[in-house]
Structure formats: structure tokens, C-alpha cells
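Please open the structure in your viewer and keep the selection panel within reach, as this tour moves from whole chains to pairs of helices and then to single residues.

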Amino acid sequence: MNETGFLFKRRRGLTLLAALFLSLLILVVDTKSFTINPAQFGYSVLSTFQIGFAGVKNFFRETANSITELRRLKSEYEALREKMEDYQLIQRDIVNLRSENERLRTLLELTEELEYRHIPSRIIAKDPSGYFHSFTINKGSRDGISKDMPVIAYQQGFQGVVGKILEVGPFTSRVLPLISANCYVSSRLQNSRFEGLVQGGGGINHPIVMRYVVKAAREEIQFGDLVETSGLDSIYPPDIFIGRVRSIGSKEWEPDLELSIEPIIDFSRLEYVVVLDIQTLSTGDTPE
Amino acid sequence: MIRHPAVQIIILTGLLLLETVFVRELGFIGFEPGIYLVFFIFIAHAQGSMRAVIIGFSIGLAVDFLSAAPLGLHSFSLSLLGFLSGTLRGKIFLDPIFMPMVLMFFSGLVNLFTVTLLIAIFSLSVSSHPFSASFPWILLFHALISPICFGLLRLSGTVPLNIRSEDR
């Protein structure tokens, strides 16, 4: 026997296979369970492959279905997400509208108390120049606004001076705000009744100044005292708040006091204003 | 088409109007941004002094109309600024970042000096002096946004890519 031959090399494995095959054969013969039907045998063998192929086909079909399903789910997801975003926007709009409604309701309630004809307006633009402070409102001569009409606003329950009408167009008006250095308001201290003249400081961050307050008033003025319009300048009606005393300047060589006033109106978040027509008493009707 | 002065005046006026409406939303920066000025400087620089004066005058007049400023204040200052900026056409090369910042910084400074001079000469009562506390911030802001504005103008075809070579 050739010791380097194929069978010799695999003799152990072949022996095992032979033994196993023989054992099976014996078993089948002994138990008589092995009756060969060629058609059934062929069918059984091929149907096994059929199962295999069917499994593969199902695998691919399910995969394809899954992809289609995923695609459908993705488009549904996108649609739902868009809908959700729409709802979120609607919700945001509702919140904004609710808060705007609240502000307008407050404004309406407060304007009902006014004895003069009044024109509620909205600020639509600001001064493009950095050296002047004015803003534009959405009401003009067609709404009955004319030059030098006083402009007020409501904030935190206070009725405060905003400024006066500087220029009027048919649909818009320009307002000179109290904080402008060109704006002067005849004023008085609410408690001590001392009078003076308020002038803007020239910017949102600059305090306004009340001048020409007699020195005798020094002892009676407290920090935080309210300053209001006196009604003497024929532009602003009396008793509208201007601000609170922040500091008191008193120089020996000057005959008057100079008070630094913090405006009652926060001009940085001013949205709505009310223009007053002090020549006409209110009839209860407010122009739209 | 977009290089025609009339179109540029319309664009700058539109920008100015937008700024007046949206400046309230930009209030958090603490000063009036004046972005139209940055666009104006680069347009003026690209157009040359003659056209720049016309554009500057028109835009200045629009600013005067829209603000509480007396008529003529901004039209004067922007005409002068347009002329100076236009004179530099072909004399300086605007790279994408550095030179626009320098040009804008000095243009802003010249504008402030001009307005200050006019305020003093005509004894104008202003709300906020040009050299108030915020002026360094305004100059810095304008200088910082100038590369972006300049880039936008270049992309839109309003400002030619190489002004120096076009001049030759």
C-alpha cells in the first residue's frame, strides 16, 4: 500500500464514515422503516430546496416590504412632523395673540377712563439717524392726529408721558419722545407740588432732567417722588406721570435744583401709545 | 443693471426702510445699527465719486425724511462721505476682510466728524451727540460687519470683483 496515497492519509475519517454508514444501514434494515418511494423521495428532496428558495424569497419580499413600509412611515413621520410644527406655530401665535389681547384689553380699559378724545396707535418704525430719537406710529391726519398732540402710554398701571407729535402724514405720524433732548414738559412734583421743567436726556439710557425747581423744595423732595405734568404748557394735560426722582442736584451758585428723573415709561419696550386730542372731550368712541 | 445708481438708490432706500422697522428688534445691541451706511460706503466706493455723491445725497435725504433730523443734515454728510469713498476707487485694493474694515472704520469716523461739525455750525439740538458713549461701538460694529456686507455686494454683482483692474 502506498503510504503517501489519498486514502491512506484519510483512513481514520473514512473508517469513521464507513462505520457510521454501516450502522445506519443496519438500523434501517433492522427497523424496516426505510421504504423508498422514488417520486416521494425526489419530491421530498426538491421541496426541501423549495422551502429554502421560498425562505429566501420571503426574506427579500419582507425586506422590500419593510423598505416600502419604512418609506411610508418616513413620509407619514415627515407629514406628522410638519403638522406638529404647524401646531407649534399656531400655539405660539395663540400665546402671542393672547398676550397682545391682554395688552390691548388693558389699554382699552385704561383709555376708557380718559376724558379726552384719544387715538390708540402702534409704533411701527424708529428713527434711522443715531443722533435723533423719534419713532413713527401707524396713525396720521386721517385719524385726526395733528402736530403737537400729546402722546401717552400705559405701563404697569401707570399713565405716563411718551412725548408729542412732531410731524403728521396722512397715515403715519412721527413722535418726539420724552427722552429726546428736544422735548420739554412743564411738570411738578406730585407730593410737594413744586413746579419745574422736564427735559429729555438724549437717550434711553440717559435720565431725564427736571430744572428750575426752587431751592426751598430741597427739604421736601424725597427719592422716588413722582413727577407729573402740570398742564401749564398747553400741550400736555395735567396729572400724567413723567417719572420718579432718582437724584437731586444742588449747586450753591445756582438758584434752582436740578432733579434727575427716571421715566415712568420704559421706552425700550414700548409698543402701543395713545395720542390725546385735548381740544376734544371724549365721547366714548375710539377710532379704530 | 444692479450697478445703475437709480437701482442702488432704490435698494439702499429699501434697506433703510427695513432698518427703521426692524431696528426695534435689534435694540438689544444698545445703539442704532445703521447698516445701510456700510452698504452705502461700498457702493459709493465701487461707483466712483461722481455717482457716489448722487447716491449719497439721495440716501441722506431719505434718512432726513425718515428721522427727526433737519433736512440736509444727512444728505450733506453722506454726499461728502460718498465723494471721499468714491475718490478712493482704484486707489486702494479691497481684499475680502481687512481693507473693508479699515475703509468702514475711517468712513464712520469721517461721518461722525462731519455731523458734529454741522451740529455745531447750525446749533442743532440733537438727542444724542455723534461722539456719545456708544460711538466706538458703532464704529467697531460697522467695521466688523463690513466684510459680510462687502461680500454680499460682491456676490450680488453690485460691487465689481476687482475695482483696481476695472479702473485701468
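Helices and strands here are DSSP runs, with at least four residues for a helix and at least two for a strand, and they are numbered from the N terminus. Keep in mind throughout that what you are looking at is a predicted model.

Begin by selecting chain A, whose secondary structure amounts to three helices and twelve strands. Chain A has 288 residues, and 35% of them are buried. If you colour its surface, you are looking at an exposed area of about 18,400 Å², of which carbon and sulfur atoms supply 57%. Among the contacts in chain A with a separation of 6 or more, 58% are between residues 24 or more positions apart.

Now select chain B, where you will find seven helices and zero strands, so to read along the sequence is to meet the pattern α-α-α-α-α-α-α. Of its 168 residues, 47% count as buried. The area that chain B exposes is about 8,000 Å², with 76% of it supplied by carbon and sulfur atoms. For contacts in chain B with a separation of 6 or more, residues 24 or more positions apart account for 72%.

Next, within chain B, select helix 1 (residues 5-22) together with helix 3 (residues 49-66), and turn the view until you can follow both axes, which lie 10 Å apart and pack at an angle of about 30°. Angles under 35 degrees count as roughly parallel, and helix 1 of chain B and helix 3 of chain B are therefore roughly parallel to each other. Their crossing is right-handed. To see where the two helices touch, show side chains on helix 1 of chain B, including B:I9, B:L12 and B:L16, which belong to the set that meets residues of helix 3 of chain B, among them B:I55, B:I59 and B:V63. By class, the residues of this contact between helix 1 and helix 3 of chain B divide into eleven nonpolar, four polar and one charged.

Keep helix 3 of chain B selected and add helix 4 (residues 73-87) of chain B; the axes of this pair come within 7 Å and cross at roughly 155°. Because angles over 145 degrees count as roughly antiparallel, helix 3 of chain B is roughly antiparallel to helix 4 of chain B. This crossing, too, is right-handed, as helix 3 of chain B passes helix 4 of chain B. Among the residues that make the contact are B:G56, B:G60 and B:L61 of helix 3 of chain B, and B:H74, B:S79 and B:G82 of helix 4 of chain B. The contact of helix 3 with helix 4 of chain B has nine nonpolar, nine polar and one charged residues.

Two residues deserve a closer look, and the one to select now is B:L61, in helix 3 of chain B. Is B:L61 buried or partly exposed? With a relative accessible area of 25%, B:L61 is partly exposed. Draw a line from its C-alpha to that of B:S79, and you will span 9.8 Å between residues that are 18 apart in sequence.

Finally, select B:H74, which is found in helix 4 of chain B and is buried, with a relative accessible area of 4%. Which residues is B:H74 in contact with, leaving aside its neighbours within four places in sequence? They include A:S129 and A:Y131 of chain A, as well as B:G60, B:V63, B:D64 and B:S79 of chain B. B:V63 is eleven residues from B:H74 in sequence, and their C-alpha atoms are 6.5 Å apart in space.

Terms used
Residues are numbered from 1 along each chain as its sequence is written. Chains are lettered from A and ligands numbered from 1 in the order in which they are written. This is a predicted model: local features need pLDDT of at least 70, side-chain atom pairs count only at pLDDT 80 or more; totals for chains, interfaces and linings use all residues. Side-chain values use heavy atoms; hydrogens and water are left out. Axes are lines fitted to C-alpha atoms, for helices over the stretch in contact, and angles run from 0 to 180 degrees between N-to-C directions. Angles under 35 degrees count as roughly parallel, over 145 as roughly antiparallel, 65 to 115 as roughly perpendicular and the rest as oblique. A crossing is left-handed if the near helix is turned anticlockwise from the far one by less than a right angle, and right-handed if clockwise. Contact means heavy atoms within 4.5 Å. Ala, Val, Leu, Ile, Met, Phe, Trp, Tyr, Cys and Pro count as nonpolar, Asp, Glu, Lys and Arg as charged, and the others, Gly among them, as polar. Buried means under 20% relative accessible area, exposed over 50%, partly exposed in between (1.4 Å probe, protein chains only). Accessible areas come from the Shrake-Rupley method with a 1.4 Å probe; for residues, only the protein chains shown count as cover.
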